[in-house]
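Hi everyone, thanks for coming. I'd like to walk you through one structure today, and please have it open while I talk.

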Amino acid sequence: MSNTPDLKGSSFTLSVLHLSDNQIANTVEFLKQKVAQAPAFFANAPVVINISKVDGDIDFLALKHGISDAGLIPVGVTGCKDKRCQSLASEAGFAVMTASNNPAKAPAKMAPTTIVRTPIRSGQQVYAKDGDLVILNHVSPGAEVIADGSIHIHGTLRGRAIAGASGQKEARIICHDLQAELVSIAGNYWLSEQIESEFWQKKVMLSMTEESLHFELLTI
């Protein structure tokens with residue numbers, strides 16, 4: 001076995017902060033509010049900043065420090081319109097990233113469905129890599145269930161459910177009793193206060209429609 005380090009390509013799901021202007025103070029306040037709403041999900045989470053819609057110069061150093069102060073880890077910047085912008089971002093310590101135009105695809109060979117029969121307790125995390133996740137019990141507050149595919153919960157979802165973790169927008173979240181702290185598909189998420197009351201404590205399916213999350217009541 002070689003002891004030489006190896007460098008390989010890989011892919012990870014990162015949160016992307018889309019800026020609409022160069023008002024750094026407003027952005028930092030927004031991030032602090034988000035982290036306060038779901039600290040277990042956002043605290044120390046890596047984030048990429050998309051500046052493609054921003055007109056005018058950005059104080060990248062202030063942006064970097066502000067993101068760190070909010071409790072997140074600034075990773076890189078995407079959406080730079082010219083070399084000057086890229087240089088300024090790089091000088092501030094950001095990686096300059098280029099978003100791929102190719103949609104994420106499911107693995108060529110999906111793993112067998114992961115089935116969990118026991119309750120998922122607070123503080124626990126279950127991850128179904130390259131496949132679907134079926135929970136035949138409840139997910140407690142503070143618990144987290146993650147799948148690269150879809151998630152089916154045959155009980156109450158009170159914690160966090162993250163489907164399509166590798167970018168699969170076709171993933172679904174189905175649960176028999178929705179009381180979630182957070183639900184997410186392919187990096188798009190809703191916190192509990194964003195979920196309309198008509199879906200709360202109901203049997204629902206969450207999917208993505210035209211780049212936005214969509215709830216559907218299930219009557220069966």
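I'll start with the whole chain, and then go on to the strands and how they pair.

One thing to keep in mind throughout: this is a predicted model.

So, the overview. The chain has four helices and 15 strands. Its radius of gyration is 19 Å, close to the 17 Å that the globule rule gives for 220 residues, so the chain is as compact as a globular protein of that length. If you lay the C-alpha trace along its principal axes, the spans come to about 55 × 50 × 30 Å.

How much of the chain is buried? Buried residues make up 40% of the 220. As for the outside, the chain exposes about 12,700 Å², and 51% of that comes from carbon and sulfur atoms. And on contacts: of those with a separation of 6 or more, 36% are between residues 24 or more positions apart.

Now let's turn to a sheet. Six strands form an open sheet here, in the order β5-β7-β9-β11-β14-β15, and the pairing is mixed. Which strands stand at the edges? Those are β5, residues 114-116, and β15, residues 212-217. Each has a single partner strand, so one side of each is left without a neighbour in the sheet. On average, neighbouring strands of this sheet are turned by 20 degrees against each other, direction ignored.

Within that order, have a look at β11, residues 173-178, and β14, residues 204-209. These two pair in the antiparallel sense, over three bridges. If you want a residue to click on, try Ile174, which stands opposite Met205 in β14.

My next stop is strand β10, residues 160-163. Are its faces covered or open? Both are covered. Arg160 and Ile162 lie on one side, Ala161 and Ala163 on the other, and all of them are buried. As a reminder, side chains in a regular strand alternate between the two faces of the sheet.

What does β10 pair with? One partner is β8, residues 144-147, which runs parallel to β10 and is joined to it by three bridges. There, Arg160 is the bridge partner of Glu144. Another is β12, residues 182-185, again in the parallel sense, this time over four bridges. On that side, Ile162 stands opposite Ser184. So Arg160 and Ile162, which share a face of β10 and are buried, show up in bridges to β8 and β12.

That's my tour. Happy to take questions!

Conventions:
Residues are numbered from 1 along each chain as its sequence is written. This is a predicted model: local features need pLDDT of at least 70, side-chain atom pairs count only at pLDDT 80 or more; totals for chains, interfaces and linings use all residues. Side-chain values use heavy atoms; hydrogens and water are left out. Buried means under 20% relative accessible area, exposed over 50%, partly exposed in between (1.4 Å probe, protein chains only). Two strands pair if DSSP finds at least two bridges between them. Axes are lines fitted to C-alpha atoms, for helices over the stretch in contact, and angles run from 0 to 180 degrees between N-to-C directions. The radius of gyration is taken over C-alpha atoms; the globule rule is 2.2 Å times the number of residues to the power 0.38. Contact means heavy atoms within 4.5 Å. Accessible areas come from the Shrake-Rupley method with a 1.4 Å probe; for residues, only the protein chains shown count as cover.
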